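Subject: Structure for your review

Dear colleague,

I am handing over the structure below, and I would be glad if you could look through it with the notes that follow beside you.

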Amino acid sequence: MIRVADDDEYDATRGYGWLGERARRCEPSLSNAEIAGGFEPGDHTSGQRPYAQAAPTVSSDDPPVPRSFAVRVPADGNYRLSLTLDAARMTAGIDETIVAYVQERRLVYRGPVPPDGHLPDIVANVGAFVPDAIGKSVDHRLLVVTVVARRPIVASLDVRDANVPTLYLAGDSTVTDTTAHLPLRFGRSHTGWGASLPAFLDAGVAVANHARSGLSTTMFRNDGHYDPVLREMRAGDVLLLQFGHNDQKDPLLRADGGYTDQLVQFVREARDAGAYPLLVTPLARNTWTPDGTYADLLADFANACITLGRRLDVPVLDLHRVSMAFITAIGVEGVKPYFRPGDVTHTNEFGSYLVAGAVARLIAHVCSDPSLPRAYRDLAAHVTAGFGPWSPSDEPAAALASIRRPSAASIASAAAGSPTESTAPTSGLAGTSSSAPSEIDTSEDSDATSTHVDQFLRPYDPLADATNGDDADAVLTRDHAIAIATSVAGLVPVYYYDGGLADVDAGNPYATQLQSALMNGLIPSSMLSDDGGRCDGNGDDEHGDRTAATGNAVSDGERSHASMQASETTASTMGRPSLHPSEPVDLEEMLVLAVRVWLTKHVAGPLPAGPYDNVCTPANRRSIRLACMLGLLSPDGSADLRSPVTARTAADLLRRLRV
């Protein structure tokens with residue numbers, strides 16, 4: 001054992017230490033919150049105590065803070081952790097409930113500080129992955145453990161190899177691990193359900209979450225996220241696949257076409273590696289029409305997934321059915337506290353825990369079938385009931401009566417019946433109350449009161465600002481054009497700018513809208529260059545448009561990718577594209593923006609050759625063809641795609657898309 005002082009911050013030479021501000025400034029990899037535990041201070045936390053050990057004067061009224069410790073391990077793989085807290089100093093009413101994470105906010109414990117301070121055994125996966133901020137695979141070899149409490153005091157940490165199978169998660173923003181901004185307030189941060197799944201599994205299996213925001217089945221492969229999985233996946237591992245939210249808007253990835261074809265390929269490759277594929281139907285959105293009818297926008301993909309599972313003899317977890325039953329039972333307003341404020345697609349911490357519990361329950365029920373291969377049945381045997389209910393009304397919650405988790409047998413027996421048979425609000429999503437939140441502040445969320453209206457059907461009110469302003473007839477700059485398109489697309493604004501573009505700083509008046517547009521693929525690749533990094537590469541011909549569908553915008557833009565301090569260094573701008581924000585936007589670029597807005601609300605079929613195929617940028621060809629079909633361009637090929645566009649012209653194009 002090595003004694004570690006409170007001020008021993010991580011040092012690469014030493015290979016261990018606390019993740020304080022100095023370590024994050026000095027170690028390039030630690031400037032990326034995705035690698036360094038999943039917490040980003042942000043400028044608005046000035047004066048807060050984001051990482052320091054709590055002072056003796058801390059009271060139960062203070063917000064919890066994360067305390068992260070990193071260890072550089074000798075190789076990628078799974079590790080068993082024995083974590084002990086200083087129970088004597090963390091109790092006495094200061095910390096009735098604490099939370100523990102590994103890696104990027106993967107939940108491994110929630111509950112009271114045990115009397116002896118020793119948490120249940122934890123298993124964590126360390127491996128290469130593709131951080132959003134870097135865009136390429138990084139093999140960091142860092143094992144990060146975080147305790148979130150008002151007075152987070154770690155007494156000891158023991159790390160050993162763990163020879164256990166790995167559950168690899170492949171998916172989109174509804175599954176992914178995500179970062180959170182400080183000061184920490186549970187309920188405000190986008191948190192994919194995959195981040196909470198470890199809380200419902202015992203230490204006999206490790207979770208490696210490679211899901212990332214904005215990914216379709218093709219992007220997961222083409223953008224490099226699948227490469228580390230293919231390298232590390234071994235016989236006996238399980239590959240869980242949940243896609244659909246981003247596939248649904250790409251005409252090449254229709255539910256009965258490209259989407260199914262891609263899943264078939266993943267299944268075949270998993271089996272070739274000796275691993276076992278597991279399909280999950282896409283999580284339902286909280287989407288409703290103005291007349292109060294639920295709008296099921298993912299039914300085709302859920303049905304295609306189920307059909308494929310039957311054809312290939314792959315178990316399917318019907319999360320879509322279970323989550324939709326919960327949403328419709330509890331209603332549009334009742335379910336909002338489980339989504340990030342102002343969002344209809346992305347869960348917060350409470351929703352993540354709720355959905356992860358449902359996934360675990362489905363695993364216990366579906367994978368325990370005696371006719372399935374043993375790897376599935378072993379996974380089902382590792383399912384637990386988690387750490388008790390965690391709902392918005394539980395914050396702050398009283399200490400749980402017991403830290404012992406029920407056995408797999410008890411949760412499996414509870415799952416034996418149909419999860420949607422009951423009419424109770426918790427039907428299908430066991431373990432969480434449906435009570436409304438007591439302290440979720442939505443005062444900063446301009447759209448928080450209107451999300452019950454399906455964003456596919458939202459009126460385009462933001463265009464009034466573009467046409468009524470003094471500069472309505474002035475040539476639009478690129479940043480202004482993207483800001484208008486972002487508002488029209490209904491992307492819920494982010495509250496900060498984290499340097500996603502190499503030549504845009506936080507002082508740009510459209511910075512937060514550019515951040516949201518960038519992280520949701522609204523910006524065409526033709527507007528991005530590699531002056532300060534790599535081109536985004538989301539050309540229409542290669543991947544289709546990357547913009548997320550209904551409500552799929554918030555957390556993709558909400559994700560934190562690097563500290564503001566790091567964005568001022570060469571290392572942090574590496575891999576970030578340049579926009580040249582003050583350049584005029586031409587007709588071709590504005591049309592592509594408009595079409596991408598349209599594609600957030602519709603799906604386009606096959607597109608025939610068009611009159612502008614030989615004059616537009618090749619990466620924009622599909623969008624320009626679609627613009628012709630939508631009546632935005634003259635069909636005789638006479639329009640000048642290089643002509644500058646004014647705000648009034650841009651607004652007219654976007655208004656015409658309302659038809």
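Please keep in mind throughout that this is a predicted model. I begin with strand β6, then follow the contacts that lead away from it, and after that turn to other salt bridges, to one arginine and to the aromatic rings.

**The sheet around β6**

Strand β6 is mostly covered, with 6 of its 6 residues buried. It belongs to an open sheet of 5 strands, in which the order is β1-β3-β8-β5-β6 and the pairing is antiparallel. The edges of this sheet are formed by β1 (16-18) and β6 (106-111), each of which pairs on one side only. Between neighbouring strands of the sheet the turn is 15 degrees on average, with direction ignored.

On its paired side, β6 runs antiparallel to β5, and 5 bridges join the two strands; among the bridge partners are V102 and R106, the latter in β6. These two strands form a hairpin with 3 residues between them, and in the turn Q103 has a positive phi of about 50 degrees. Strand β5 (residues 98-102) also pairs with β8 (residues 142-149), again in the antiparallel sense, over 4 bridges, and here Y101 stands opposite T146 in β8.

**Salt bridges**

The count of salt bridges comes to 18. One of them takes us back to the edge strand, since R106 forms a salt bridge with D177, the closest N and O atoms being 2.7 Å apart. As D177 lies in the loop between β10 (166-171) and β11 (180-181) while R106 is in strand β6, the pair ties together parts that are 71 residues apart in sequence. Both partners fall under the 20% limit for a buried residue: D177 has a relative accessible area of 0%, and R106 has one of 10%.

A second pair is formed by E269 and R221, whose closest N and O atoms are 3.0 Å apart. This salt bridge links distant parts of the chain, with E269 in helix α5 (residues 258-272) and R221 in helix α3 (residues 217-222), 48 residues apart. Here, too, E269 is buried, and so is R221.

In a third case the side chains of R625 and D613 meet, at 3.0 Å from N to O. Because R625 lies in helix α19 (residues 621-629) and D613 in the loop between α18 (587-599) and α19, this pair ties together parts that are 12 residues apart in sequence. R625 is buried at a relative accessible area of 19%, and D613 is buried at 12%. Salt bridges that share partners also join E34, E104 and R212 into one network.

**An arginine in helix α12**

Which residues does R478 touch, not counting those up to four places away in sequence? This arginine lies in helix α12 (residues 478-488), and its contacts are S526, M527, L579, H580, P581, E583, P584, V585 and E589. With L579 there is a polar approach as well, in that the backbone oxygen of L579 lies 2.8 Å from a polar atom of the R478 side chain. R478 counts as buried because its relative accessibility is 7%, which is under the 20% limit.

**Aromatic pairs**

A search of the whole structure finds 17 aromatic pairs. In one of them, the rings of Y226 and F266 have their centres 4.9 Å apart and their planes at 90 degrees, so the pair is edge-to-face. Since Y226 lies in helix α4 (residues 226-232) and F266 in helix α5, this pair ties together parts that are 40 residues apart in sequence; both Y226 and F266 are buried. Helix α5 thus appears twice in these notes, as it holds E269 and also F266.

The rings of W288 and Y294 are likewise edge-to-face, because their planes stand at 85 degrees, and their centres are 5.3 Å apart. W288 counts as buried at 10% relative accessibility, and Y294 is buried with a relative accessible area of 15%. Finally, ring pairs link F186, F200, F350, Y353 and W390 into a cluster.

With best regards

Conventions
Residues are numbered from 1 along each chain as its sequence is written. This is a predicted model: local features need pLDDT of at least 70, side-chain atom pairs count only at pLDDT 80 or more; totals for chains, interfaces and linings use all residues. Side-chain values use heavy atoms; hydrogens and water are left out. Two strands pair if DSSP finds at least two bridges between them. Axes are lines fitted to C-alpha atoms, for helices over the stretch in contact, and angles run from 0 to 180 degrees between N-to-C directions. Buried means under 20% relative accessible area, exposed over 50%, partly exposed in between (1.4 Å probe, protein chains only). A polar contact is a pair of N or O atoms within 3.5 Å; within protein, one must be able to donate a hydrogen and the other to accept it, and residues adjacent in sequence count only if both atoms are side-chain atoms. Contact means heavy atoms within 4.5 Å. A salt bridge is a side-chain nitrogen of Lys or Arg within 4 Å of a carboxyl oxygen of Asp or Glu. Rings of Phe, Tyr and Trp (its six-membered ring) pair if their centres lie within 6.5 Å; planes under 30 degrees apart count as stacked, over 60 as edge-to-face and the rest as tilted.
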